[in-house]
Amino acid sequence: MNRAIVMILLTGVVTYLARVIPLLLYRGKEPSKFLRSFLEYIPYAALGALLFPEILYSTESILTAVLGGICATVLIIKKQNMIIVVGGTILVVYILNLSF
């Protein structure tokens with residue numbers, strides 16, 4: 001068998017086992033309140049870790065990028081629509097790039 005096909009099949013088996021084993025071990029058990037609250041924050045932490053470096057290097061000037069990130073953060077905290085957050089942040093960064 002081709003070596004690439006074997007590697008693809010083994011990767012699939014390992015991925016499948018990594019998802020099935022916890023399901024079989026914890027069937028019928030409720031996770032603790034701490035674990036549930038911890039798992040609720042993982043998507044936000046992962047998203048922040050992925051986006052933050054991209055924010056810093058999204059423009060030629062790190063200052064305008066940081067100010068754009070602050071603008072987006074403020075708009076998100078004020079619970080604005082995502083289109084308003086993205087559009088407002090783009091506008092702010094555009095104006096800042098023109099002035100710097």
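Student: What share of the 100 residues in the protein do buried residues make up?

Tutor: In this model, which is a predicted one, buried residues make up 15% of the 100 residues in the protein.

Student: And what is the radius of gyration, set against that of a compact globule of 100 residues?

Tutor: The protein has a radius of gyration of 22 Å, whereas a compact globule of 100 residues would have one near 13 Å. As for the extent along the principal axes, the C-alpha trace spans about 60 × 45 × 20 Å.

Student: How many helices and strands are there?

Tutor: The protein has 4 helices and 0 strands, and the order of its elements, read from the N terminus, is α-α-α-α.

Student: Let's switch to the surface: how much of it belongs to carbon and sulfur atoms?

Tutor: Carbon and sulfur atoms account for 73% of the accessible surface, which for the protein comes to about 8,800 Å².

Student: How far apart are the mean positions of the positive and negative charges?

Tutor: There are 8 positive and 4 negative charges in the protein, and their mean positions lie 13 Å apart.

Student: Now a single residue: where is Thr64 found, and is Thr64 buried or exposed?

Tutor: Thr64 is found in helix α3, which covers residues 62–77. Thr64 counts as buried because its relative accessible area is 0%, and the cut-off for buried is under 20%.

Student: Which residues is Thr64 in contact with, leaving aside its neighbours within four places in sequence?

Tutor: With those neighbours left aside, Thr64 is in contact with Thr59, and also with Val93, Leu96, Asn97 and Phe100.

Key
Residues are numbered from 1 along each chain as its sequence is written. This is a predicted model: local features need pLDDT of at least 70, side-chain atom pairs count only at pLDDT 80 or more; totals for chains, interfaces and linings use all residues. Side-chain values use heavy atoms; hydrogens and water are left out. Helices (H or I, at least four residues) and strands (E, at least two) are DSSP runs, numbered from the N terminus. The radius of gyration is taken over C-alpha atoms; the globule rule is 2.2 Å times the number of residues to the power 0.38. Buried means under 20% relative accessible area, exposed over 50%, partly exposed in between (1.4 Å probe, protein chains only). Accessible areas come from the Shrake-Rupley method with a 1.4 Å probe; for residues, only the protein chains shown count as cover. Lys and Arg count as positive and Asp and Glu as negative; His and the chain ends are not counted. The place of a charge is taken as NZ of Lys, CZ of Arg, CG of Asp or CD of Glu. Contact means heavy atoms within 4.5 Å.
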